[in-house]
Structure formats: C-alpha cells, structure tokens
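User: I've just opened this one and could use a friendly tour. Can we go through it in questions and answers?

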Amino acid sequence: MSEKIFTLPVQEQITPYISQRQIGELPVVVVNHPKVRAAVTLQGAHLLTWQPSGEKPVLWLSSETAFKNGLAIRGGIPICWPWFGPAGQPAHGFARNLPWTLTAHDEDESGVILTFTLEQSAESKKHWPHDFCLIARFKLGEVCEMELESHGEYEYTAALHTYFNIGDITQIDVSGLGSPYIDKVNPGTGEQQGNLTFATRTDRIYTKPEPFSVITDKALQRVIEVHHHNNTDVVAWNPWSELSVSMADMPNDGYKTMVCVETAHVTSPMKASANTPSRLSMTLRARPLR
C-alpha cells in the first residue's frame with residue numbers, strides 16, 4: 001500500500017523534495033528525499049508512511065482503508081485528540097477526521113520538516129466547545145520525530161496511535177512498557193512479566209512505562225525504538241483474528257503484520273493554558289537486529 005503513494009500523479013511540486021498529490025478523496029503531502037520517503041494526508045495531519053532509505057516501511061498501512069473525507073484512516077499514525085477511545089464521539093476524537101493546513105515546511109540534506117495546523121471551526125464545535133490551536137510537527141529523515149502541541153485553555157487526553165509494520169506478530173516482542181497495565185480485553189489490571197509477546201487479542205494501557213519501548217522483530221530482522229516524550233502511558237494493541245475479520249477497513253489477516261505501540265497521555269488529562277501550550281511527542285528509529 002505504501003509503495004502506491006509514490007506513484008500517484010503530482011498535483012503541485014511544492015519544493016524539490018515535497019509534492020502534493022491525491023489519494024482517494026484526500027490531499028496528501030508526499031516526501032521523496034534521498035534519505036527518506038514519507039507521506040502525510042491533510043486530513044488528520046496523518047503520517048501514512050515513513051521509510052528511511054534502504055529500510056522497509058516502518059509504519060503499517062491497511063490496504064483496505066478507504067481514504068474518504070471524514071473517515072478515519074486505518075494505519076500510519078492517527079492523532080487521537082482531544083479524547084482517547086470512546087470517551088466522546090467520534091471515537092478517538094475529531095482531530096484525525098478534519099482537514100488540517102500545511103503551514104510550514106523546510107528541507108535540507110538530512111531530510112524534511114513539515115508543520116500542520118488545526119484550529120476550532122463550526123465542525124469542531126459540534127463535538128467540543130473549546131477554542132484551540134493544534135500544531136503537528138514532523139521531522140522526517142533517518143529518524144522520525146513527531147510533536148503535537150496544543151494551545152488554548154482546556155483539559156484533554158491524546159495518543160499518537162502508531163501502527164508499526166512487522167514481519168509476523170508471533171515473532172515479535174516489546175520491551176520498555178513497564179509493569180502495571182489496564183487490560184481492555186479482560187477488564188481489570190495486570191502486571192507485565194518480562195517482554196510483551198502476542199498470541200491473542202491484546203489491548204492494554206501501560207501506566208508506568210519506561211522512557212522508550214523497543215519492538216524486536218525476528219522475522220524482518222530489525223529493531224524499532226519508540227522514544228516517548230511528555231506521556232503518562234503507552235498503549236499496546238493488536239486486534240488478532242476475531243476483530244480483524246469484523247473490521248471493514250482491515251484485511252482479515254492484517255493483524256499478522258502490524259502492532260500498535262502508542263505514546264499516550266490517557267489515564268490523566270493534559271492541561272493547556274493560555275500561556276503554556278502542552279506537548280506530546282515521540283521519536284522513532286529503526287535499526288538492524290544484531
């Protein structure tokens with residue numbers, strides 16, 4: 001799916017390395033740089049793919065996602081804001097379903113920086129009463145840095161709902177999650193013993209995570225580091241077979257090649273004030289398994 005994005009016709013060449021194209025109903029900003037390939041839809045400021053030169057795509061993107069206006073995209077990095085999960089409607093907030101504006105861009109020999117902005121509108125006020133300015137910054141090169149900055153006067157929860165591309169869900173493990181977790185599949189709490197592995201549907205909020213998590217992927221022979229900043233929690237999710245089959249925007253076997261490890265601030269609210277914006281951010285790195 002990711003490969004198709006780079007064959008889309010160019011509608012506007014913004015800079016030598018940045019162009020605007022169209023995927024389905026959605027405008028998409030495409031980065032094609034000697035060090036990195038990436039793409040971000042204007043809807044949701046949604047990073048669809050990030051692929052350092054010589055690497056397989058680091059993010060997983062569903063071949064069944066519809067790319068329609070107002071419909072959430074399955075895969076990449078959805079921005080869950082200003083609430084997480086079913087705390088309001090739509091689920092995971094409205095930020096991922098609304099059109100953002102590309103407000104700044106820069107490029108040099110090491111990569112590209114893109115900045116997107118979303119502000120209150122008649123549409124956002126249908127879901128949430130507050131005035132706000134939300135800024136998403138992406139620094140895309142051999143490393144991927146993503147920062148979500150919230151301006152205004154309100155409380156909220158948020159997550160960078162990252163889908164990672166893996167070789168085989170039964171051949172990965174995730175470290176750095178910490179011990180205590182809230183289990184959403186078998187409601188209650190638990191304590192993680194050793195690294196997390198997957199053999200069934202998993203949906204957990206780890207409430208005392210370490211500063212970074214590591215996905216060890218034996219099938220693709222690589223390691224993905226997820227460095228978390230300004231978070232309280234890390235969410236680990238895989239829908240497994242029974243849920244994959246029920247999701248129209250996911251292949252029945254899609255769960256085998258993806259895992260979500262999400263930088264999150266969901267068990268307690270974040271606070272933005274007029275003088276102090278709040279931030280949630282992460283840094284991603286991929287390297288060969290040694």
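**The annotated site and its surroundings**

User: Which residues does UniProt list for "active site"?

Analyst: This is a predicted model, so the label comes from a record rather than from the coordinates. The UniProt entry is unreviewed, and for "active site" it lists H161 and E262.

User: How far apart are those two in space, given that they are spread over 102 residues of sequence?

Analyst: Sequence spacing doesn't tell the whole story here. H161 and E262 cluster in space despite that spread over 102 residues. Their largest C-alpha distance is 4.9 Å.

User: What distance separates the side chains of E262 and H161 in their polar contact?

Analyst: The two residues turn up in each other's contacts: H161 touches E262, and E262 is in contact with H161. Their side chains also make a polar contact, at 3.3 Å.

User: Where does H161 sit, and is H161 buried or exposed?

Analyst: H161 belongs to the loop between β11 (154-160) and β12 (163-165). Its relative accessibility is 7%, and the cut-off for buried is under 20%. So H161 counts as buried.

User: And which strand holds E262, and what is the relative accessible area of E262?

Analyst: E262 is part of strand β20, which covers residues 258-272. E262 is buried, because its relative accessible area is just 1%.

User: Which residue with a W in its name touches H161, and is in contact with E262 too?

Analyst: Setting aside residues up to four places away in sequence, H161 touches G76, I77, P78, C80, H92, W237, C260 and E262. With its own neighbours within four places left out, E262 has contacts including F84, D233, V234, V235 and W237. The name found in both lists is W237.

**The largest pocket**

User: What is the volume of the largest pocket, and how many residues line it?

Analyst: The lining of this pocket includes both H161 and E262. The volume is about 530 Å³. As for the lining, the count is 24 residues.

User: Which lining residues lie nearest the centre of the largest pocket?

Analyst: One of the annotated residues, H161, is in this group. W237, which touches H161, is there as well. The full set nearest the centre is R74, H92, R96, H161 and W237.

User: How does the lining of the largest pocket divide into nonpolar, polar and charged residues?

Analyst: Sorted by residue type, the lining is a mixture of the three classes. The split is twelve nonpolar, five polar and seven charged.

**Backbone details**

User: Which peptide bonds are cis, with omega near or about 0 degrees?

Analyst: Look in the loop between β6 (79-80) and β7 (101-108), where P82 lies. P90 is in the loop between β6 and β7 too. The cis bonds run from W81 to P82 and from Q89 to P90.

User: What is the phi of H92, and where is H92 found?

Analyst: H92 is in the loop between β6 and β7. H92 is buried, with a relative accessible area of 14%. Although H92 is not a glycine, its phi is positive, at about 65 degrees.

User: And A45: what are its relative accessibility and phi?

Analyst: A45 sits in the loop between β4 (36-41) and β5 (46-52). With 0% relative accessibility, A45 counts as buried. A45 is not a glycine, yet its phi is positive, at about 45 degrees.

**Two more strand residues**

User: Which partners do the polar atoms of the R222 side chain have?

Analyst: R222 lies in strand β18 (residues 222-229) and counts as buried at 3% relative accessibility. One polar contact, of 2.9 Å, joins its side chain to that of E55. A polar atom of the R222 side chain also lies 3.0 Å from a backbone oxygen. The partners are therefore the side chain of E55 and the backbone oxygen of K56.

User: What separates the C-alpha atoms of M270 and N231?

Analyst: M270 is in strand β20 and is buried, with a relative accessible area of 7%. Among the residues in contact with M270 are Y154, N230 and L280. M270 and N231 are 39 residues apart along the chain, and their C-alpha atoms are separated by 9.2 Å.

Key
Residues are numbered from 1 along each chain as its sequence is written. This is a predicted model: local features need pLDDT of at least 70, side-chain atom pairs count only at pLDDT 80 or more; totals for chains, interfaces and linings use all residues. Side-chain values use heavy atoms; hydrogens and water are left out. On a 1 Å grid over the protein atoms alone, a cavity is a set of points where a 1.4 Å probe fits but cannot get out, and a pocket is an open set with protein on both sides within 12 Å along at least five of seven lines; lining residues have an atom within 4 Å of a point. Helices (H or I, at least four residues) and strands (E, at least two) are DSSP runs, numbered from the N terminus. Buried means under 20% relative accessible area, exposed over 50%, partly exposed in between (1.4 Å probe, protein chains only). Contact means heavy atoms within 4.5 Å. A polar contact is a pair of N or O atoms within 3.5 Å; within protein, one must be able to donate a hydrogen and the other to accept it, and residues adjacent in sequence count only if both atoms are side-chain atoms. Grid points are joined across faces, edges and corners, and a volume is the space filled by probe spheres set on the points. Ala, Val, Leu, Ile, Met, Phe, Trp, Tyr, Cys and Pro count as nonpolar, Asp, Glu, Lys and Arg as charged, and the others, Gly among them, as polar.
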